[in-house]
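Trainee: Could we go through this model together, so that I learn how each label is earned?

Mentor: Gladly, let's take it label by label.

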Amino acid sequence: MTIRHVAIYLRISRDKKEGIDTLSNHRDILIDFCRSSQWTYERYEEIVSGGGSELENRPELYRLLNDIDLFDGILVFELSRLSRNGLVSQQIKQVCIDYDKKVITPYQIYDLANNHNDRLLYDFGSVIASQEHALIGKRSKTNKKIMAKSGLHVSGSVPFGYIRNPHTKKLEIHQEQAEIVKLIFQLHAKGYGSFSIRNILNERGYRTAKGGYFELPTIKRIIRNPAYKGTNVFNDRRKVKERDKFIYKIVETIQVPNAWDPIIPPEEWEKANEDRKKRAEHAETTREKAANKTGVTLLKDLLYCGVCGKKMTIRKDKGSKYMLKRCEYLLPSGEKCPNRGVMLKYVEEDVVEHIKQYKDEIISILYSLKLDEWSGTEKDYNNHLEQIEKEIRRIRIEEENLLNLAIKGLFSEEQILTKRQELLNTLHTFTTQKEAIIDELTNLKKLDTKERLQTAVEGIHELEIVLENDMSEEANRSMKRIIHKIYYKRVIPEDLLKKSTRNKERKLYPFTLNIHYK
């Protein structure tokens, strides 16, 4: 086969701390090689860990192999640039054999599909590259452990409040940032929680090292980090397989006290973290716990903020009732997310009712498909959409009228709440129908649609049985089989927030749900 068009694959490794200059040099060499050989080419470039264990973690290489039939071969600077992982090297080899493509370096052409000696040379080169990667990793880990025991900062990002001296490799105090760290510990000592500390810092105009707003995880990490008492901590991790998943497990922890000047005196840091643990233990009595401790709620791990998209928190109040807390995150503007909470049982009841309506909709669609009443023509869709939009307009008018009735006090609080939620449920039902017609039924084949909807009906039926038997944990699992996420939104207008929490209009202000089914 004559070589005319090749894929240039370029990779540099984070593990070996290779820079952009290396990538640029390799690129220039391979492009010059193509020009001298009168080949055309396309480039695939990426920066990855040197021994990426799975092909899927190498997006450019994965894309190249999917495009392999477009080229006569793969051009690399050297074999190790394809991969230092033996499994990935063999996957590449098999693709080249299957498609009769060559692997090319400026010094060697490997005809893997037709030449046995080239296959042996390729395998030998891959083994050397894999062994080199293992030795590099081992040497790097050993060096880091020796440096860590000497009190040098060798891994992870530099903690806020410090800078890393490139010569001594020790942390040195950044005075301006250190004052913010001290303020965090001072506020914590006064009883402020992470939520309040975050708000105080942002309101006073303090910013993170990258100029962003302080978030809850940042505050918590600062309080927990022993670097602030001058202790260097290095965790030696090892990749292990647990429950069919690979995770990094800590096998050894190296701690060196007095490695650098502390921002927080050690005794003050210890006191702060003792208080933190006590507060966490107290919070455990109100926070929703794992199934093996106190059971789970119906919507555990399914509720997300309809404003900022972050996961929402469920807690128990003093009366042991579950509450959906106000969203605690910040918007990109730095303002607090305005999404307000509500008693969880109202959300659960609404979700269950919505699922029942969703089941009826699916059964109706299945019946229509079975009788072939819905032809899927453009005219049918437009007529159906017109009817749905009329119903949506009618419901919005009813909702506005209901607000006037609530203000006049013509109905009880419970009646207003029930009626409003009924209207919102019906509105969401019609909205879902509208989206289904536009986004799904016009794009899916009839047979695929029927199978998918039948599976959904079976899942909902299973959930109904579980709910009848009051099996909370199993009900939550059943929910997760049919629902991907539930976006909850309850943004109370500013004028209502200024009124008393006992104000009827504020107290009965409704929430909306946007349920994403699987």
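What follows is a conversation about the labels given to parts of this predicted model.

Trainee: Let me start with the overall picture. How many helices and strands does the protein have?

Mentor: There are 16 helices and 15 strands. Of the 518 residues, 41% count as buried. Among contacts with a separation of 6 or more, 63% are between residues 24 or more positions apart.

Trainee: What makes Cys-337 buried rather than exposed?

Mentor: Its relative accessible area is 0%, and buried means under 20%, so Cys-337 is buried. Cys-34 earns the label in the same way, because its relative accessible area is 0%.

Trainee: How do you know that Cys-337 is in no disulfide?

Mentor: The nearest cysteine sulfur, that of Cys-305, is 3.5 Å away. A disulfide needs the two sulfur atoms within 2.5 Å, so Cys-337 is left without one. By this rule the count of disulfides comes to zero.

Trainee: On to aromatic rings. Why is the pair of Tyr-44 and Phe-71 called edge-to-face?

Mentor: Two values decide this. The ring centres are 6.0 Å apart, and the limit for a pair is within 6.5 Å, so the rings count as a pair. The planes stand at 85°, and over 60 degrees counts as edge-to-face, so that is the name the pair gets.

Trainee: What makes this a link between distant parts of the chain?

Mentor: Tyr-44 sits in strand β2 and Phe-71 in the loop between α2 and β3, 27 residues apart. Tyr-44 is buried because its relative accessible area is 1%, and Phe-71 is buried because its value is 0%.

Trainee: Why is the pair of Tyr-488 and Phe-511 called tilted?

Mentor: Here the angle between the planes is 35°. Under 30 degrees would be stacked and over 60 edge-to-face, with the rest tilted, so this pair is tilted. The centres are 5.6 Å apart. Tyr-488 belongs to strand β14, while Phe-511 lies in the loop between α16 (504–507) and β15, 23 residues apart. Both Tyr-488 and Phe-511 are buried.

Trainee: How many aromatic pairs does a search of the whole structure find?

Mentor: It finds nine. Elsewhere, Tyr-162, Tyr-228 and Trp-260 form one aromatic cluster.

Trainee: Let's turn to the nonpolar core. Which residues touch the most other members of the largest one?

Mentor: Val-347, Val-351, Met-479 and Ile-483 do, in a core of 32 residues. Elements that give two or more residues to it include β10 (303–305), α10 (344–371) and α14 (472–482). The most comes from α10, with seven residues. Beyond its neighbours within four places in sequence, Val-347 contacts Leu-299, Leu-303, Leu-324, Val-342, Tyr-488, Phe-511 and Leu-513. Another core, of 31 residues, lies apart from this one; among its members are Tyr-162, Val-181, Ile-254 and Ala-259.

Trainee: Why might nonpolar side chains gather like this?

Mentor: In soluble globular proteins, nonpolar side chains tend to be buried together.

Trainee: Now the sheet. What makes β2 (40–48) an edge strand?

Mentor: The strand order is β2-β1-β3-β4-β5, in an open sheet with mixed pairing. Strand β2 pairs on one side only, and β5 (108–110) likewise.

Trainee: How do you know that β1 and β2 pair?

Mentor: Nine bridges join β1 (residues 5–13) to β2. Two strands pair if there are at least two bridges, so this one qualifies. The two strands run parallel, and one of the bridges has Ile-12 partnered with Ile-47 in β2. From one strand to the next, the sheet's twist averages 25°. Helix α2 (residues 59–66) lies across β1, β2 and β3 (73–75), at about 150° to β2.

Trainee: Last one. What makes the phi of Lys-169 and Asn-258 worth a remark?

Mentor: Most residues other than glycine have a negative phi. Lys-169 has a positive phi of about 60° without being a glycine, and Asn-258 has one of about 55°, also without being a glycine.

Trainee: Are these two residues buried or exposed?

Mentor: Lys-169, in the loop between β6 (162–164) and β7 (171–173), has a relative accessible area of 28%. That falls between 20% and 50%, so Lys-169 is partly exposed. Asn-258, in the loop between β9 (245–256) and α8 (266–283), reaches 68%. Exposed means over 50%, so Asn-258 is exposed.

Terms used:
Residues are numbered from 1 along each chain as its sequence is written. This is a predicted model: local features need pLDDT of at least 70, side-chain atom pairs count only at pLDDT 80 or more; totals for chains, interfaces and linings use all residues. Side-chain values use heavy atoms; hydrogens and water are left out. A nonpolar core is a set of buried Ala, Val, Leu, Ile, Met, Phe, Trp, Tyr and Cys residues joined through side-chain atoms within 4.5 Å. Buried means under 20% relative accessible area, exposed over 50%, partly exposed in between (1.4 Å probe, protein chains only). Helices (H or I, at least four residues) and strands (E, at least two) are DSSP runs, numbered from the N terminus. Contact means heavy atoms within 4.5 Å. Axes are lines fitted to C-alpha atoms, for helices over the stretch in contact, and angles run from 0 to 180 degrees between N-to-C directions.
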